[in-house]
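Hi everyone, thanks for making time for this. I'd like to walk you through one structure today, so please have a look at it and follow along with me.

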Amino acid sequence: MNAWLEKRLAEISEEIRRYPGPIARCDEHLPALLEERARLLSQIEEQGCSAEALWVNDGGCNAA
């Protein structure tokens, strides 16, 4: 399950990074992505994921 969570987090983070702008106030997709990413991060933290892994999936310096 942890591998699935990390893979999904990477996918969501990549989609957020590539989200086209400008973003309209009425946009509902980006907030949903941000909420899902927050939920995934919370689940991963509960399982004891390292801070480095979280940083990479949040667009840190080691992100692909």
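**Salt bridges along a helix**

Let's start with a pair of residues: E11 and R8 both sit in helix 1, three residues apart, which is about one turn of the helix. Their side chains meet in a salt bridge, at 3.2 Å from N to O. Before I go on, please keep in mind that this is a predicted model.

Now, E11 has another partner. Its side chain also meets that of K7 in a salt bridge, this time at 2.9 Å, N to O. K7 and E11 are four residues apart, again about one turn of helix 1, which covers residues 2-17. Why do these spacings suit a helix? An α-helix has 3.6 residues a turn, so residues three or four places apart point the same way.

Are these residues buried or exposed? K7 counts as exposed, because its relative accessibility is 52%, and the cut-off for exposed is over 50%. E11 is partly exposed, with a relative accessible area of 34%. R8 is partly exposed too, at 23%.

The linking goes further: K7, R8, E11, E36 and R39 form a network of salt bridges. There is also a salt bridge between E14 and R18, whose closest N and O atoms are 2.2 Å apart. E14 is partly exposed at 22% relative accessible area, whereas R18 counts as exposed at 65%. How many salt bridges are there by this rule? The count comes to six.

**Helix 2 and its two sides**

Let's move on to helix 2, residues 29-46. Here is a nice check you can do yourselves. At 1.5 Å a residue, its 18 residues should span 26 Å, and the end C-alpha atoms are indeed 26 Å apart, so the two agree.

Which residues of helix 2 are buried? They are L30, L33, R37, L40, L41 and I44. These residues cover an arc of only 105 degrees around the axis, so they lie on the same side of helix 2. On the other side, E35 and E46 are exposed. If you turn the helix on your screen, try to find both sides.

After helix 2 comes G48, and its phi is positive, near 90 degrees.

**The whole protein, and how far to trust it**

Let's step back now. The protein has three helices and zero strands, and from the N terminus on its elements run α-α-α. Of its 64 residues, 25% count as buried. The accessible surface comes to about 4600 Å², and 54% of that belongs to carbon and sulfur atoms.

What about contacts along the sequence? Among those between residues at least 6 apart in sequence, 58% join residues at least 24 apart.

Finally, a word on confidence. The mean pLDDT of the protein is 81, and 73% of the residues reach 70 or more. Where is the confidence lowest, and where is it highest? It is lowest in helix 3, residues 51-57, with a mean of 61, and highest in helix 2, at 91. Where pLDDT is low, the predicted coordinates should not be read in detail.

So, to take one picture away with you: helix 2 has its buried residues on the same side, with E35 and E46 exposed on the other. Thanks for listening!

Methods: Residues are numbered from 1 along each chain as its sequence is written. This is a predicted model: local features need pLDDT of at least 70, side-chain atom pairs count only at pLDDT 80 or more; totals for chains, interfaces and linings use all residues. Side-chain values use heavy atoms; hydrogens and water are left out. The expected span of a helix is 1.5 Å times one less than its number of residues. Buried means under 20% relative accessible area, exposed over 50%, partly exposed in between (1.4 Å probe, protein chains only). The arc is that of the directions from the helix axis to the C-beta atoms. A salt bridge is a side-chain nitrogen of Lys or Arg within 4 Å of a carboxyl oxygen of Asp or Glu. pLDDT is the predictor's confidence in each residue, from 0 to 100. Contact means heavy atoms within 4.5 Å. Accessible areas come from the Shrake-Rupley method with a 1.4 Å probe; for residues, only the protein chains shown count as cover.
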